[in-house]
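Biologist: I'm new to this one and would like a close look at a single part of it. Could you pick a spot, take me through it slowly, and then tell me how it sits in the rest?

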Amino acid sequence: MSKRQRARLFRGVQYLILIAALVALALAADWGQIQRAFFNMEVAANLFPSVITVALGNTIFYSVLGFGLGLGLGLVLALMRLSSVGPYRWIAGIYIEFFRGLPAMLVFLAVGVGIPYAFDTRLDRNVQVMVALGLVGAAYIAETIRAGIQAVPKGQIEAARSLGMSPARTMITVIIPQAFRIILPPLTNELILLTKDSSLAFFLGSTLAQQELAQFGREALNTNQSMTPVLVVGLCYLIITIPLSFVSRGLEKRFGKGVARKPVKPGATRSGGQ
Amino acid sequence: MERRSRRIFHPAVVLAPALALTLAACGGDSEGAGTDSGAATVDGIELIAEGTLTTCTHLPYEPFQFREGDEVVGFDVDLVDLVAEDLGVEQAIIDTPFDTIQSGADLDTGKCDVAAAAMTITPERDENIDFSDPYFDANQALMVPADSDVAGLDDLSGLRVAVQASTTGKDYAEENIADAELVTYEDSGLLTAAVQTGEVDAAINDNGILYDFAANNDDVVVVTEFPTGDQYGLGVQSDNDVLRERINEVLAAAQEDGRYDAIYEKWFGTVPGDSEDADSDDAEGDDAGADETDEESEVESTETSEN
């Protein structure tokens with residue numbers, strides 16, 4: 001048997017094992033039960049349209065709020081972390097370690113219960129969601145941005161400075177835009193994580209009109225005694241996250257060209273090099 | 001590295017105040033809202049939002065509170081509606097985890113005015129919440145798969161028993177079944193599903209919800225009740241006596257003029273009273289601590305409740 005034949009045979013056996021495993025799995029499953037539990041069309045039909053208009057809408061709304069604050073705060077923290085002023089670095093470091101290390105659920109409880117106890121004031125619920133998600137998101141985003149900024153070739157700063165730009169202007173017009181291109185994939189990752197973390201808004205209490213996907217699904221699961229709602233809201237999450245991944249990949253392709261690897265204007269960025 | 005750091009320092013200085021401003025703006029907004037709502041007073045009762053009696057509950061707990069279309073309905077909802085009506089305001093319902101309701105956190109932090117969540121009055125909860133007069137008599141019940149041999153507490157040793165987090169059913173199980181493995185579930189739906197799928201051998205929870213579930217599902221049965229003398233109360237923030245007394249007045253009036261009975265019949269199909277005397281006798285016996293009498297009285301109360 002030639003090497004090639006052996007490789008082909010080997011691959012064939014792998015396929016066979018895979019198919020056998022799938023068949024065994026399919027035979028072992030209780031399809032009637034699965035259909036009753038997960039594909040109860042009557043239950044599914046009852047979830048519409050509010051699963052889209054209310055739950056999906058709120059999940060997107062909360063995620064955008066949280067990501068917005070997280071991005072802003074994360075940028076500030078990243079710059080603080082890179083600062084030459086000690087206290088700035090320490091504050092950012094402590095913040096990042098703290099909020100990156102805590103389960104998001106605790107942060108939600110702290111915002112929902114802790115803030116009103118501590119300051120005797122109750123934030124608007126949307127602000128609560130934004131603050132809780134933003135605090136968590138900012139810790140991760142800050143590290144991502146810091147890594148992105150440090151990944152921009154030093155020559156870029158030197159070139160900009162030698163053109164007479166101020167340090168702040170260098171950062172804002174040259175470094176940060178390039179850093180954002182570099183960190184687009186991890187940033188998308190973060191947005192997806194926050195989308196899922198928005199389910200913790202449940203801990204802040206909600207009216208029916210404020211329910212997001214996970215809570216909506218859990219409540220419907222309890223009401224209908226069927227797993228179908230879980231499947232439906234699961235699909236709704238994918239409706240958000242999968243297109244997001246595609247958009248991110250598209251953006252990456254478009255922007256990716258601008259980064260170090262292939263300068264837009266050859267020569268211009270290289271001149272300041274080592 | 002050193003040098004770059006120094007350059008980066010400047011934008012941080014520029015951006016930090018901007019963020020501080022944003023945060024301050026958020027805080028300012030909500031503080032404004034806070035003072036607005038603080039001013040909403042009806043007959044000396046402070047409400048957290050104007051024109052609204054805000055209720056905290058944990059959904060769903062059929063038939064006490066559950067979703068129907070875009071509304072929350074149920075026994076508790078109708079009762080609190082009577083209170084809201086009396087105050088001349090509308091009821092607004094907020095769904096929140098049961099833990100933060102029964103710990104008093106939701107009331108203390110001004111998330112809601114009233115907690116109506118089929119909540120049993122217990123001494124521990126009483127420390128953090130002020131309860132209204134009892135509005136419902138409840139027992140703990142035991143639900144098992146239809147083909148199970150389990151008939152009572154004694155049969156549970158070595159089995160897996162489902163209980164719901166932060167409930168009196170969990171406390172009861174912990175105190176009374178020593179050698180069973182207790183499995184805690186967050187929601188009543190997860191708990192009942194666990195019995196159906198065989199994940200657990202039995203479940204202990206309030207009788208109202210288990211009977212309701214068993215009536216709609218042939219594969220499970222409620223085999224017995226434990227007359228614990230549980231009574232549900234509406235919760236208000238500690239020392240909010242004005243609201244508590246108003247609620248008590250409304251409850252008493254409703255029980256007097258038949259509105260309570262009508263609501264009871266609407267959700268449970270029976271009128272309270274027939275079996276109530278027997279139940280409360282059992283409850284007192286149980287409070288005295290005689291666990292043996294439980295077994296005898298269970299049969300009785302099961303019969304009365306199923307009628």
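Modeller: Let's start with the walls of the largest cavity: by class, its lining has five nonpolar, seven polar and two charged residues. Keep in mind that this is a predicted model. The lining comes to 14 residues, and those nearest the centre of the cavity are B:Tyr61, B:Phe98, B:Ala117, B:Ala118 and B:Thr167. As for the space itself, its volume is about 130 Å³. A search of the whole structure turns up four cavities of 30 Å³ or more.

Now zoom in on B:Ala118, one of those residues nearest the centre. Although B:Ala118 isn't a glycine, its phi is positive, at about 45°. You'll find B:Ala118 in the loop of chain B between strand S7 (114-115) and helix H5 (123-128).

Chain B has another backbone detail to look at. B:Leu59 and B:Pro60 are joined by a cis peptide bond, with omega about -20°. B:Pro60 sits in the loop between strand S3 (52-57) and strand S4 (66-68) of chain B.

How far can you trust chain B? Its average pLDDT is 80, and 76% of the residues score at least 70. Over residues 1-38 of chain B, though, pLDDT stays under 50, and the model has 49 contacts beyond four places in sequence for that stretch. Residues 275-307 of chain B are also below 50, with 36 contacts in the model beyond near neighbours in sequence. Where pLDDT is low, the predicted coordinates shouldn't be read in detail. For the complex, the predictor gives an ipTM of 0.73 and a pTM of 0.76.

Over in chain A, there's a cis peptide bond from A:Phe48 to A:Pro49, with omega near 0°. A:Pro49 lies in the loop between helix H3 (41-47) and helix H4 (50-81) of chain A.

Last stop, a pair of helices in chain A: H9 (residues 167-182) and H10 (residues 184-197) pack at an angle of about 70°, with their axes 5 Å apart. Angles of 65 to 115 degrees count as roughly perpendicular, so that's the word for H9(A) and H10(A). From H9(A), A:Phe180, A:Arg181 and A:Ile182 meet A:Leu184, A:Pro185, A:Pro186 and A:Leu187 of H10(A). Sorted by class, the residues of this contact between H9(A) and H10(A) are six nonpolar, no polar and one charged.

Methods:
Residues are numbered from 1 along each chain as its sequence is written. Chains are lettered from A and ligands numbered from 1 in the order in which they are written. This is a predicted model: local features need pLDDT of at least 70, side-chain atom pairs count only at pLDDT 80 or more; totals for chains, interfaces and linings use all residues. Side-chain values use heavy atoms; hydrogens and water are left out. Axes are lines fitted to C-alpha atoms, for helices over the stretch in contact, and angles run from 0 to 180 degrees between N-to-C directions. Helices (H or I, at least four residues) and strands (E, at least two) are DSSP runs, numbered from the N terminus. Angles under 35 degrees count as roughly parallel, over 145 as roughly antiparallel, 65 to 115 as roughly perpendicular and the rest as oblique. Contact means heavy atoms within 4.5 Å. Ala, Val, Leu, Ile, Met, Phe, Trp, Tyr, Cys and Pro count as nonpolar, Asp, Glu, Lys and Arg as charged, and the others, Gly among them, as polar. pLDDT is the predictor's confidence in each residue, from 0 to 100. On a 1 Å grid over the protein atoms alone, a cavity is a set of points where a 1.4 Å probe fits but cannot get out, and a pocket is an open set with protein on both sides within 12 Å along at least five of seven lines; lining residues have an atom within 4 Å of a point. Grid points are joined across faces, edges and corners, and a volume is the space filled by probe spheres set on the points.
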